[in-house]
Amino acid sequence: MVGDPFNFFGIGDWLRAQNLKGANVNQAVRAAGVEWSSDLLELTESDLQELCTAAKLPLLIKRRLINAVAGLHRSARSS
């Protein structure tokens with residue numbers, strides 16, 4: 001999307017900023033086709049749960065990712 005402020009963040013940078021810097025998290029979201037933080041806005045919580053389960057991410061990391069994406073949704077709505 002042209003002019004989308006969330007496209008400024010590549011997914012690796014965004015994950016690091018959210019303290020989700022493990023290689024397995026990065027690999028899991030990239031395998032789902034996510035390249036930019038804005039791509040996460042298209043995924044539902046159910047999608048994220050499925051992604052985390054398939055990647056065998058620990059429960060705490062799963063919850064952190066879901067919460068971080070929820071925060072991204074709030075930021076997108078307020079801008």
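Biologist: Let's start with helix α2: which of its residues are exposed?

Modeller: Keep in mind that this is a predicted model. Helix α2 covers residues 23–31, and Val25, Ala28 and Val29 are its buried residues. Down the axis of α2 these buried residues fall within an arc of 90°, so they line one face of the helix. On the other side of α2, the exposed residues are Ala23, Gln27 and Ala31.

Biologist: And what do the buried residues of α2 pack against?

Modeller: The buried set is made up of Val25, Ala28 and Val29. Their packing partners are helices too: α1 (11–17), α3 (45–54) and α4 (59–78).

Biologist: What is the phi of Asn19 near?

Modeller: Asn19 sits in the loop between α1 and α2. The residue is partly exposed, at a relative accessible area of 44%. Asn19 isn't a glycine, yet its phi is positive, near 60°.

Biologist: Which residue in the loop between α3 and α4 has a positive phi although it is not a glycine?

Modeller: The loop between α3 and α4 holds it, and the residue is exposed, with a relative accessible area of 73%. Its phi is about 55°, and the residue is Lys56.

Biologist: How far apart are the C-alpha atoms of Gly10 and Trp36?

Modeller: Gly10 lies in the segment before α1 and is buried, with 16% relative accessible area. Setting aside neighbours within four places in sequence, Gly10 is in contact with Glu35 and Trp36. Gly10 and Trp36 are 26 residues apart along the chain, but their C-alpha atoms are separated by just 4.6 Å.

Biologist: Which residue forms a salt bridge with Asp13?

Modeller: A search of the whole structure turns up two salt bridges, and Asp13 takes part in one of them, with its closest N and O atoms 2.5 Å apart. Asp13 is partly exposed at 43% relative accessible area, and its partner is partly exposed at 47%. The two are three residues apart in helix α1, separated by about one helical turn. That partner is Arg16.

Biologist: How far apart in sequence are the parts that the pair Arg63 and Glu45 ties together?

Modeller: Arg63 and Glu45 form a salt bridge, with the closest N and O atoms 3.6 Å apart. Arg63 is in helix α4 and Glu45 in helix α3, so the pair ties together separate parts of the chain. Arg63 is partly exposed at 38% relative accessibility, and Glu45 is partly exposed at 42%. In sequence, the parts they tie together are apart by 18 residues.

How values were computed: Residues numbered from 1 in each chain as written. Predicted model: local features only at pLDDT ≥ 70, side-chain atom pairs only at ≥ 80, totals over all residues. Heavy atoms only, no water. Buried < 20%, exposed > 50% of the residue type's maximum accessible area, 1.4 Å probe, protein only. Helix = DSSP H or I, 4+ residues; strand = E, 2+ residues; numbered from the N terminus. Arc of directions from axis to C-beta. Contact = heavy atoms within 4.5 Å. Salt bridge = Lys/Arg side-chain N within 4 Å of Asp/Glu carboxyl O.
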